[in-house]
Amino acid sequence: MKKNVAVVLILAWALGLSALSVVGKVSMANAPAVEQYKVVERSFVSNSSWKNGFLEVDMNVTFSYVPNPEIHVVLPAFWDGKDAVGHDRFSVRFAPTLLGDWTYRTTSQQDPSLNGLTGSAGVSETIRSILSSSPGFLERTDTFHWRYSNGTRFFPVGTTAYEWVGTDCATGAPLDLVVDSVKKYFNKVRLSYMTARLADNAFGGRRQLSQQKENGYHWYTDLSQVDSRLINLEHWKKLDTIIRKLQQAGIQAELILARNNPLNQQVQGDWLRGVTVAGGRGSLIADKGLRYFVGRYAAFSNIWWCIGNEYPEAALTPEDITRIGAQIRKLDPYQHPLSVHWNESWLFGGQHWPSHGVLQTHIREHGLAGINANITQLRIWHGLGFSNDEYGYEDREGTPNTADTVLRAHWALVLGGGYGAYGHSPGRLLGKYMWAGLDKYWDAQGTPASPPKSAEQVAQGQVAAPWLGKMRDWLNSGKLGYWRMRPANHLVSGDAQNSFCLAAERSEYLVSGENGRLRLDLSAAAGNDLPVELFDPKTGEIRKVASTRGRSEYEYSVPHGSFMLLHVGTP
């Protein structure tokens, strides 16, 4: 039933969450200053009460750059609940990419009261001194790699926290603890917006819970009656907080839109495809779920989109993924990194929407040489950078991977021209694969420890994580020109084990090896006296050794029991 009321605009600043009510057009002279690349949120309250505003109303907001109106950003608004008297609220999140004034205009075919609203938002020159607080959005560069809007290069070293949003770690001090723990060693984390089994509540409808707790939580046993037409805002606000906290910490958040767990794969798959789980309740209009994701999260500069995790098991077909990928690319004005996680032969079907590839090749099945060769071959075939997510977890049950194996595997991926995401199998309080040390933060009933654990104590269960932190720091230090190097294992010989190579021949080489003699072919750089240094991947120590002195071959003997990186040349 619709009721006529005055149109009210509510401005909410996403970082401070303060609000200011205005009516009609906002004067540019009074436009508040916001930081470049930071999220500003505007909310619009309809003069109509809708039965289901999420389903019934589409609303777009076009932000135009005043100095050059041809530059504009179009974003879908997302349904954001009702106000105190039951009128539907729609919000839009926008991040200005250029300094100066921006104006906006709304469009909505279904709700005239939300159509044609105008206003302005300023990105003031006066805040230029603090612009470095955000490097901006990631963009693909040098075919296989990443850099921020300000030109700073970014090499991802990721970890995994599938179930985060459904745990007690999603709010308050535990959330801060987890973010601090991730920040110590990683710059990217993979997480699902809806957990596989934990009793979170992204949507309405009935769900069956387990009678007993596991690790302090009830778990879903039946999601067949979940109604994805109904949005549970409290759940999404928890996810908002996680994404915002990660952004503030400088951590990229890869948002998984469909999981491969049988309990929730149909809910998530159908929400992306545009139909509900229970056919008797009708269909969800196509792309409602995608519009909601983009409207709610695209303005955050740290977002990556992952359409499906192990998609053959995530109730998504190649046709689904092709359409969804193209639609996200169309809806997302910031062109965030976008891909799908796969574990079978189909990959992209020749489509142009992926920014990178994601594969799953296990150490236990292919060995270090296999995962190195696989990621190299894929980047050649597809002309994209690739990440091996789920290459093998530390302490995985049944087929344990030691921390040393995980370290060597991650470096094998880097030297194959790719990157990867780590995980620790016993880390159950964030679902699979994240921070085993958190099991010490709660007891078996989920009661917090007293006194609370520190980030350092939480991280103690992750033996490989500190070593990967050394990798993250070195690769992002600017001291290696990895973006100019290509896989070049043919340049390395000798009896050293696990020898892989990246090279920008004539100028720079990066080589791994252990337990033996490395011989590096420098014929392309003969006559050039290149500096040489050793990087200890466990301590992060860098030690200079004898330069190449213009020789066409360089030899180094790696001591028994040692795993080292040899860096020859300069960026």
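## Close-up views of a predicted model

**View 1. Cysteine 501 and cysteine 306 are both found inside the protein.** Cysteine 501 has a relative accessibility of 0% and therefore counts as buried, since that label applies to anything under 20%. The model shown here, and in every view below, is predicted. Cysteine 306 comes out at 1% relative accessibility, so this residue is buried too. How many disulfides does the protein have? The count comes to zero. As a reminder, a disulfide is a covalent bond linking the sulfur atoms of two cysteines.

**View 2. The whole protein sets the scene for the details that follow.** Ten helices and 31 strands make up its secondary structure. Of the 571 residues in the protein, 59% are buried. The surface it exposes is about 21700 Å², with 49% of that supplied by carbon and sulfur atoms. If you look at contacts with a separation of 6 or more, 70% of them link residues that are 24 or more positions apart.

**View 3. Strand S7 (residues 88–94) is covered on both of its faces.** Seven of the seven residues in S7 are buried, so the rest of the structure largely encloses this strand. Which residues sit on each side of S7? One side carries Asp88, Phe90, Val92 and Phe94, while Arg89, Ser91 and Arg93 are on the other. Every one of these side-by-side sets is buried, the two arginines included.

**View 4. S7 pairs with strand S3 and with strand S6.** S3 (residues 40–45) runs antiparallel to S7 and is joined to it by six bridges. Look for serine 43, whose bridge partner in S7 is serine 91. Strand S6 (residues 78–82) is also antiparallel to S7, this time with three bridges. Here lysine 82 has aspartate 88 of S7 as its bridge partner. S6 and S7 make a hairpin with five residues between them. Within that turn, glycine 86 has a positive phi of about 90°.

**View 5. A hairpin connects strands S4 and S5 through six residues.** S4 (residues 60–65) and S5 (residues 72–76) run antiparallel and share five bridges. To find your way along the pair, start at valine 61, since its bridge partner in S5 is leucine 75.

**View 6. Three strands form an open antiparallel sheet in the order S10-S11-S12.** Which strands lie at the edges? Strand S10 (138–141) and strand S12 (153–154) do, each pairing on one side only. S11 (residues 145–148) is joined to S12 by two bridges, and these strands run antiparallel. Arginine 147 stands opposite an arginine in S12, namely arginine 153.

**View 7. Helix H7 (residues 363–382) bends at alanine 369.** The bend is about 75°. At 1.5 Å a residue, 20 residues in a straight helix would span 28 Å, yet the end C-alpha atoms of H7 span only 22 Å. Buried residues in H7 are Ile363, Leu368, Ile371, Asn372, Ile375, Thr376, Leu378 and Arg379. Several elements take part in covering them, including S11, strand S22 (357–359), strand S23 (386–389) and helix H8 (403–415). Strand S24 (419–421) and strand S25 (486–487) are also included in this cover. Following H7 comes glycine 383, with a positive phi near 65°.

**View 8. Helix H3 (residues 233–248) agrees with its expected span.** Its 16 residues should span 22 Å at 1.5 Å a residue, and the end C-alpha atoms are indeed 22 Å apart. Which residues of H3 are buried? They are Leu233, His235, Trp236, Leu239, Asp240, Ile242, Ile243, Arg244, Leu246 and Gln247. Just after H3 you will meet glycine 250, whose phi is positive at about 80°.

**View 9. Alanine 161 belongs to a loop between strand S13 and helix H2.** The loop runs between S13 (158–160) and H2 (172–185). Is alanine 161 buried or exposed? With a relative accessibility of 0%, alanine 161 counts as buried. Leucine 191 is 30 residues from alanine 161 along the chain, and the C-alpha atoms of these two residues are separated by 5.1 Å.

Definitions and conventions. Residues are numbered from 1 along each chain as its sequence is written. This is a predicted model: local features need pLDDT of at least 70, side-chain atom pairs count only at pLDDT 80 or more; totals for chains, interfaces and linings use all residues. Side-chain values use heavy atoms; hydrogens and water are left out. Helices (H or I, at least four residues) and strands (E, at least two) are DSSP runs, numbered from the N terminus. Buried means under 20% relative accessible area, exposed over 50%, partly exposed in between (1.4 Å probe, protein chains only). Contact means heavy atoms within 4.5 Å. Accessible areas come from the Shrake-Rupley method with a 1.4 Å probe; for residues, only the protein chains shown count as cover. Two strands pair if DSSP finds at least two bridges between them. A disulfide is a pair of cysteine sulfur atoms within 2.5 Å. The expected span of a helix is 1.5 Å times one less than its number of residues. The bend at a residue is the angle between axes fitted to the seven residues ending there and the seven starting there.
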